[in-house]
Amino acid sequence: MTNALAISDLRASVGSIDILKGVDLQVPFGEVHAIMGPNGSGKSTLCHVLTGKSDYSASGSILLDGEELIGTPVDERARKGLLQAFQYPVEVPGVGLEEFMVEVGSARGIPADELERRVAASAETFSMGNFLDRAINDELSGGEKKRSEMFQISVLDPRVVVLDEIDSGLDIDAVRQVAEAVEELRSPEVGILLITHYSRILRYLNTDKVHVMMNGRIVDSGGAELAEELEDGGYEAVRSRLGIDAPRPAAAVVKADPFSDLPFEN
Amino acid sequence: MNPQLQAAFDQSLAGVPDWVAALRREGLDRYAEQAMPTQKMEHWKYVDLDFDLDDLAFAMEPGTPLPAGPYVDALGSVAATATVVDGIVVGIDGELGAGASIVSFRDATDADAALLQETMGRHIDLGRDKFAAAHRAFAGDGVLIHVGRSTTLDGPILVDVQATSDAIASFPHLTIVLAENAEASVVVNYRSNDDLTHVAVPQVEAIVGDGSRLSLISLQHWGRGTTAAVHEKVILGRDATGTIGEVGVGGKLARLDLAIEHIGNGSSSELIGLSFGDQTQTHDYRVIVRHEGKNTSSDVFLKGAVEDEASSVFTGLLRIEEDATRTSAFETNRNLVLSESASAQSVPNLEILCNDVICGHGSTVGQLEEEHLYYLMSRGLPKDRAERVLVRGFFEEVIDRLPVPEVADPVRAVVHDKFATAQAEGRIG
């Protein structure tokens with residue numbers, strides 16, 4: 001099976017701070033992989049580096065169906081088929097969702113009638129019919145924004161889909177809907193990488209593989225059993241099994257209290 | 001004062017009714033006593049005037065009219081069209097039907113003249129600046145639109161205000177009077193060719209009677225050699241509604257001094273506008289919204305963009321008088337600066353003399369947001385295209401709300417073209 005996405009030794013930094021410290025990962029076409037990791041492990045950075053955000057300096061290799069993306073600008077990566085559903089999609093005032101899809105469709109050379117057909121079909125699938133004439137993400141609820149992200153991706157010929165915290169901030173019904181939407185995106189022509197902090201969405205999804213990210217690296221990969229271990233024992237269980245030290249909170253400078261040893265209350 | 005100007009002025013009074021001559025003489029006196037505005041004056045500090053009105057001849061005869069303007073097709077069937085060339089009314093096409101009339105001042109009937117005598121020049125303060133006084137002194141003609149009680153016009157009126165004569169000043173005038181419970185839409189299109197040097201000093205006075213509704217939109221497309229100083233005043237009676245649109249894309253320097261006066265209880269207004277300057281254009285908007293009646297409301301929503309070395313100024317004054325209880329007034333001015341050498345100033349002021357009011361104002365000056373660009377590009381839009389989408393979106397919130405929706409498409413097209421041309425010529429990005 002060919003890999004939709006093959007990442008090797010991916011490193012990224014902002015200024016002098018290294019965030020990704022050599023990520024290796026393959027997502028074959030037709031599969032859904034989950035990356036789980038605690039806060040600060042580099043998950044969102046990985047998403048932005050895959051998408052090509054210019055805030056990061058990145059090295060290593062990101063292959064989309066064998067084609068190198070490092071050094072390629074954001075828009076070109078998207079046209080090659082790498083699309084991200086953002087954790088915090090921005091509201092874009094004055095730009096209608098359907099109008100935007102038409103514009104992007106034209107930039108990607110999708111014929112107008114074909115795009116219209118896809119918009120109608122995807123709007124149906126992701127229940128976005130009422131939002132097509134509204135400005136992008138304008139006054140949408142958390143769950144509606146996530147659906148809008150997946151709606152947009154499904155219209156635009158995805159080959160690699162990156163879903164950043166697609167389940168965060170949602171109630172359980174919305175998580176279930178989002179999971180169903182992910183299943184809608186699944187196809188033999190697409191590889192899906194789902195980044196999440198919580199394991200609950202995995203209950204409603206048929207993930208092919210689960211990867212655990214800590215401190216800028218993938219530290220473990222496995223099947224459903226890994227998700228269960230995380231569900232039961234949290235990240236601490238994985239840490240202790242792998243012998244990884246718990247991270248020290250970098251910013252928490254513990255101030256010595258000069259009165260703390262006094263034998264009376266002050 | 002320049003003796004030639006005085007002579008021309010005297011000559012222009014020949015055959016003019018006494019009451020008009022008296023008004024114009026008063027204008028000339030106030031003109032003579034005021035200095036040309038300079039940047040040392042607070043109200044003109046962002047604007048560099050490179051001429052003296054005194055050195056200019058004023059138009060006595062109209063030049064050759066321009067071909068049909070950009071809004072004729074979009075408007076489709078209009079109630080009437082008035083064509084004003086260099087301040088002189090050269091044609092009025094169309095009849096307004098029973099209860100309404102549109103005439104030039106020169107052709108005014110006795111009844112019209114009586115109406116004009118009540119209104120003309122009564123509302124724009126001659127001391128406001130030298131341009132206001134110059135207009136009173138030198139405006140020899142104008143368009144009067146009168147819509148009688150309980151009359152609704154069948155379609156908008158287009159007032160096509162052209163400048164065509166080189167190296168002169170013109171003083172186009174429009175008076176709109178709506179009696180009680182009347183309704184009218186008026187589209188004013190200001191235009192001139194780019195190769196013309198001209199100073200236009202138009203005035204628009206609109207008196208909206210009790211229970212009447214006026215939609216009034218100005219579409220400013222002056223050529224690049226035209227300097228314009230417009231005074232516009234909208235006076236709202238009891239339960240009257242004014243929906244005002246201001247679109248400014250042309251001119252070398254285009255200044256608008258607009259006052260909306262909520263005199264009658266229950267009157268309300270909305271001002272929706274945009275300006276977009278490129279190259280070395282200056283757009284200077286002064287907007288005064290005053291609430292005097294009780295239970296009145298206003299909403300100002302203006303957006304401006306500047307690119308290249310263009311500059312824009314918005315100065316807003318929201319004044320709520322002591323007895324204007326239960327006033328609701330909002331003012332928003334948003335500016336987009338698209339080039340490093342472009343500049344935008346936004347100066348909102350509030351004067352609230354009454355406690356029982358709901359007021360809000362917001363003013364921003366910023367660039368295209370990186371996060372927005374990133375988002376649009378992450379779907380596959382190249383940067384220049386993403387920028388165009390964002391500029392379009394920026395203006396769309398205004399264009400979508402313009403009074404007289406028929407003009408929206410041409411306005412959209414002009415604004416998009418302005419940015420796309422700058423991009424294509426490598427002036428942006």
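In this predicted model, 20 residues of chain A are in contact with 17 residues of chain B. On the side of chain A that touches chain B, the elements that give two or more residues are helix 2 (74-80), strand 7 (92-96) and helix 3 (97-107) of chain A. Sorted by class, that side of chain A has eleven nonpolar residues, together with five charged and four polar ones.

Turning to chain B as a whole, its secondary structure comes to eight helices and 22 strands, and its C-alpha trace spans about 70 × 50 × 45 Å along the principal axes. The radius of gyration of chain B is 21 Å, which agrees with the value near 22 Å that a compact globule of 429 residues would have. Of these 429 residues, 54% count as buried, and among contacts in chain B between residues at least 6 apart in sequence, 82% join residues at least 24 apart.

Strand 18 of chain B, which covers residues 297-306, offers a closer view of this chain. Ten bridges join strand 18 of chain B to strand 16 (residues 268-277) of chain B, and the two run parallel; within this pairing, S269(B) has S298(B) in strand 18 as its bridge partner. Strand 18 of chain B is also joined by ten bridges to strand 20 (residues 327-337) of chain B, again in a parallel arrangement, and here the bridge partner of V306(B) is V337(B) in strand 20. Because seven of the ten residues of strand 18 of chain B are buried, this strand is largely enclosed by the rest of the structure.

Note on methods. Residues are numbered from 1 along each chain as its sequence is written. Chains are lettered from A and ligands numbered from 1 in the order in which they are written. This is a predicted model: local features need pLDDT of at least 70, side-chain atom pairs count only at pLDDT 80 or more; totals for chains, interfaces and linings use all residues. A residue is buried if 20 or more other C-beta atoms lie within 10 Å of its own, exposed if 12 or fewer, and partly exposed in between; C-beta atoms are placed from the backbone. Helices (H or I, at least four residues) and strands (E, at least two) are DSSP runs, numbered from the N terminus. Two strands pair if DSSP finds at least two bridges between them. Two residues are in contact if their C-beta atoms, placed from the backbone, lie within 7 Å. Ala, Val, Leu, Ile, Met, Phe, Trp, Tyr, Cys and Pro count as nonpolar, Asp, Glu, Lys and Arg as charged, and the others, Gly among them, as polar. The radius of gyration is taken over C-alpha atoms; the globule rule is 2.2 Å times the number of residues to the power 0.38.
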